[in-house]
Amino acid sequence: MTEKMRLRSAVPPEEKELEQKRQQLEAEEKLNRPFINHTGKINYVTSLIDCAIACDELLEMANKCLDQVFVVGFDLEWPFSFQTGPGKTALMQICPTTHICHLFHFTHLKKLPKGLYEFLQHAKVRLTGINIKNDVRKLARDFGGFDVNKLLNNCIDSGVMANGILPVTQRWSMEKLVDYVLKMKVNKDKSVRMSKWHIVPLSKEQIQYAATDGYASLLIYIKLKETEMDTSELQ
């Protein structure tokens with residue numbers, strides 16, 4: 001009999017039963033967690049002028065920010081076809097605070113407003129999200145005119161950040177981070193997630209889904225920073 005087998009057989013039945021109950025309670029608790037949902041203001045725009053106005057407001061917020069960096073939740077959506085692959089970036093989500101999310105629908109735009117280029121590449125602005133560098137590379141490919149290195153330098157990948165702060169390390173997804181960090185669930189309804197993001201206007205379900213993704217990106221960052229501060233105070 002190997003040492004591993006002796007150790008396994010030495011676990012009392014009562015301890016095994018307690019562990020099974022603990023795992024069952026943990027699974028039930030996860031099932032009963034609420035879905036994360038953005039309940040703040042959503043600014044959904046489809047025209048160049050409305051997008052430019054919102055970008056000017058974002059630039060003003062960045063310029064007035066007293067902190068060293070101005071962190072915003074960021075995400076992109078695009079249509080996908082199993083025949084042709086990913087389509088052109090159709091929607092950008094920017095959450096400057098947990099109270100508002102801007103949704104910029106690009107389908108009818110031949111170019112992006114100058115203010116958006118300035119904001120995304122602003123020295124103080126930091127874009128946070130999951131696998132965010134792949135998103136900004138796609139954005140740069142789809143529209144051009146960006147300083148890709150500057151864009152990448154302005155990114156904070158929540159998964160990389162989490163691995164430097166949390167007691168566990170893994171390849172994080174939005175769903176896993178929302179579960180672990182926020183103790184909530186993500187609604188990943190395929191009928192919305194894989195929907196036609198290039199069609200104008202978006203449905204109410206698409207708008208809510210997109211805003212919630214941007215909101216979740218910012219909230220995860222905020223909670224991770226709080227965890228980092230708490231940990232440093234204990235050391």
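**A walk through the predicted fold**

The protein contains ten helices and eight strands, where helices (H or I, at least four residues) and strands (E, at least two) are DSSP runs numbered from the N terminus. This is a predicted model, in which local features need pLDDT of at least 70 and side-chain atom pairs count only at pLDDT 80 or more, while totals for chains, interfaces and linings use all residues. Residues are numbered from 1 along each chain as its sequence is written, and side-chain values use heavy atoms, with hydrogens and water left out.

Of the 235 residues of the protein, 42% count as buried, a word that here means under 20% relative accessible area, with exposed meaning over 50% and partly exposed in between (1.4 Å probe, protein chains only). Contacts (heavy atoms within 4.5 Å) can also be sorted by their separation along the chain: among those with a separation of 6 or more, 71% are between residues 24 or more positions apart.

A good place to look next is strand 6. Strand 6 is mostly covered, since six of its six residues are buried; Ile-100, His-102 and Phe-104 point one way, and Cys-101, Leu-103 and His-105 point the other way. Strand 6 pairs with two neighbours, where pairing requires that DSSP finds at least two bridges between the strands. Strand 1 (residues 41-45) runs parallel to strand 6 and is joined to it by five bridges, with Val-45 standing opposite Phe-104. Strand 5 (residues 91-97) runs antiparallel to strand 6, again with five bridges, and here Ile-94 stands opposite His-102. Strand 5 and strand 6 form a hairpin, with two residues between them.

Following the chain onward from strand 6, we come to Leu-109, which sits in the loop between strand 6 (100-105) and helix 4 (114-120). Why does Leu-109 count as buried? Leu-109 does so because its relative accessibility is 10%. Leaving aside residues up to four places away in sequence, Leu-109 touches Thr-46, Ser-47 and Leu-48. Ser-47 is 62 residues from Leu-109 along the chain, and yet their C-alpha atoms are separated by 6.9 Å.

A second loop residue, Ile-130, lies between strand 7 (125-129) and helix 5 (132-143). With a relative accessible area of 16%, Ile-130 is buried. Not counting residues up to four places away in sequence, Ile-130 touches several residues, including Asp-157, Gly-159, Trp-172 and Leu-177. The C-alpha atoms of Ile-130 and Glu-175, which are 45 residues apart along the chain, are separated by 10.0 Å.
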